[in-house]
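Work through the exercises below with the sequence and the coordinates at hand, and try each task before reading its solution.

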Amino acid sequence: SLTRLGTSINVNISIMSSRGKSNVCNTWTRIAQSTPALWTTIHLEMPRADGFEQLLEQWFQYAGKGLLNVYTTGTLDDGVARAICHHSSHLARLDEDYDDPITMLDLASTQLTLLPVLRTLAIHGDDDVEFRLRPILQLLRRSPNLVALEVEDILLEEEDEADDTHVLSNLRRLSLNSSAYTILGCISAPRLEFINLDGLLANNSEDVIPFLQQSSLSLHTLRIGNPIQIPAVHDILPLLPSVTHVEFGYMGGRHIVQELFTTVLAPAAILPNLQSLHFTHLINDPPWDAILQVLSARRARIRSVRLAIGYESAESGISIPADALTVLKELAAGGVDIWVGTKTGTLFHVSRE
């Protein structure tokens with residue numbers, strides 16, 4: 001095995017005979033083929049040559065009983081999809097980036113009876129390509145131990161939703177883009193700990209609210225990506241008293257940031273256990289008064305603040321006003337870890353670690 005080879009191998013192949021080189025290659029081939037851990041993570045970029053599924057099948061056999069992590073990009077042909085399905089009992093992660101969603105999803109949803117060790121399912125696509133909801137739900141129903149689900153950059157077709165709600169009892173992490181929110185009407189996740197919602201708007205929050213009412217008991221981390229609308233955020237945050245960490249992506253104009261702090265985050269009853277507040281992309285000139293008023297009011301609980309300011313093309317000259325800097329120093333002296341900066345540098349940083 002590899003553990004018996006030592007930590008350093010130096011072979012001068014250039015001075016070997018052809019027979020010697022062949023022996024070295026054969027030795028390493030045997031070592032590789034007898035080491036299952038080398039074959040448990042496979043990245044497939046499609047399309048491949050005809051007959052590639054036989055080679056893939058051989059790779060899976062080399063992995064033995066090891067848990068498989070399969071990453072695919074492009075349009076899978078039937079043969080490759082069937083090879084993956086054939087080893088579904090060992091599939092721990094399936095990460096699919098589609099040009100055409102039909103082959104793998106439809107095949108997997110009809111041929112797979114169970115994915116007993118699948119812990120991560122990631123489906124990525126193209127916003128211009130429509131995906132069907134039912135094959136995705138079929139995969140979820142066949143994955144009793146699923147821990148993480150990512151459905152991003154896809155557009156779900158308009159179709160009838162499932163008649164019943166499927167409980168994903170082991171799901172801890174969920175990441176969705178706004179065009180995939182329809183899934184939320186078909187599932188619940190009572191042990192969910194992390195949720196990422198991209199594109200939270202007033203016209204789609206109605207898909208999110210019933211799900212959170214059933215699935216937010218254990219939720220501690222909320223990430224909201226761009227774009228967002230304040231009414232939608234205002235609707236969902238009161239449903240999340242257990243959340244301790246909130247992260248916002250791109251926030252748009254100054255008035256949006258102002259409204260977020262003054263009307264949504266200011267009331268103490270909203271997010272009463274908030275300990276960490278991060279912004280990954282604030283405007284160049286954020287409303288410091290509103291931001292610092294909220295942080296000061298929550299200083300008894302809040303422990304971490306991260307404010308990334310500015311657009312990459314306009315970061316020069318960004319600074320923190322003197323009065324805002326005074327308040328930040330007071331918060332830091334009270335035990336709050338604070339980082340304020342841009343994509344290219346730090347403006348203020350105090351860490352207790």
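**Exercise 1. Find which residues have the most contacts inside the largest nonpolar core, and list the contacts of leucine 277.**

Solution. In this predicted model, the largest nonpolar core comprises 98 residues. Within that core, the residues with the most contacts are Ile84, Leu237, Phe248 and Leu277. Taking leucine 277 as the centre and leaving out residues up to four places away in sequence, one finds that leucine 277 touches Val246, Phe248, Phe261, Leu265, Leu295, Ile302, Ser304, Val305 and Arg306. As background to this step, nonpolar side chains tend to be buried together in soluble globular proteins.

**Exercise 2. Determine how the strands E11, E12 and E13 are paired and connected.**

Solution. Begin with E11 and strand E12 (residues 221–228), which run parallel and are joined by 6 bridges; in this pairing, asparagine 196 stands opposite arginine 223 in E12. The chain passes from E11 to E12 through helix H6 (residues 205–215), and this β-α-β crossover is right-handed. Continue with E12 and strand E13 (residues 245–250), which pair in the parallel sense over 4 bridges, with isoleucine 224 opposite phenylalanine 248 in E13. Here helix H7 (residues 230–236) completes a right-handed β-α-β unit with E12 and E13. Phenylalanine 248 is thus named in two settings, as a residue of E13 and among those with the most contacts inside the largest nonpolar core.

**Exercise 3. Locate salt bridges of the structure, and state for their partners whether they are buried or partly exposed.**

Solution. The structure holds 5 salt bridges, and the steps below take some of them in turn.

- Arginine 93 and aspartate 95 meet through their side chains at 3.0 Å, N to O. Because buried means under 20% relative accessible area, arginine 93 at 19% counts as buried, and so does aspartate 95 at 12%.
- Arginine 172 and glutamate 193 form a salt bridge at 3.7 Å, N to O. Arginine 172 lies in the loop between strands E8 (166–167) and E9 (173–177), and glutamate 193 in the loop between strands E10 (187–188) and E11 (194–200), so the pair ties together parts that are 21 residues apart in sequence. Glutamate 193, at 31% relative accessibility, counts as partly exposed.
- Arginine 254 pairs with aspartate 285, with 3.5 Å between the closest N and O atoms. This pair links helix H8 (residues 254–265), which holds arginine 254, to the loop between strand E14 (276–282) and helix H9 (288–297), which holds aspartate 285, 31 residues apart. Arginine 254 is partly exposed, with a relative accessible area of 39%.
- Asp198, Arg223 and Glu247 are joined into one network by salt bridges that share partners.

Technical notes
Residues are numbered from 1 along each chain as its sequence is written. This is a predicted model: local features need pLDDT of at least 70, side-chain atom pairs count only at pLDDT 80 or more; totals for chains, interfaces and linings use all residues. Side-chain values use heavy atoms; hydrogens and water are left out. A nonpolar core is a set of buried Ala, Val, Leu, Ile, Met, Phe, Trp, Tyr and Cys residues joined through side-chain atoms within 4.5 Å. Buried means under 20% relative accessible area, exposed over 50%, partly exposed in between (1.4 Å probe, protein chains only). Contact means heavy atoms within 4.5 Å. A salt bridge is a side-chain nitrogen of Lys or Arg within 4 Å of a carboxyl oxygen of Asp or Glu. Two strands pair if DSSP finds at least two bridges between them. A crossover is right-handed if, with the strands pointing away from the viewer, the path from the first strand over the helix to the second runs clockwise.
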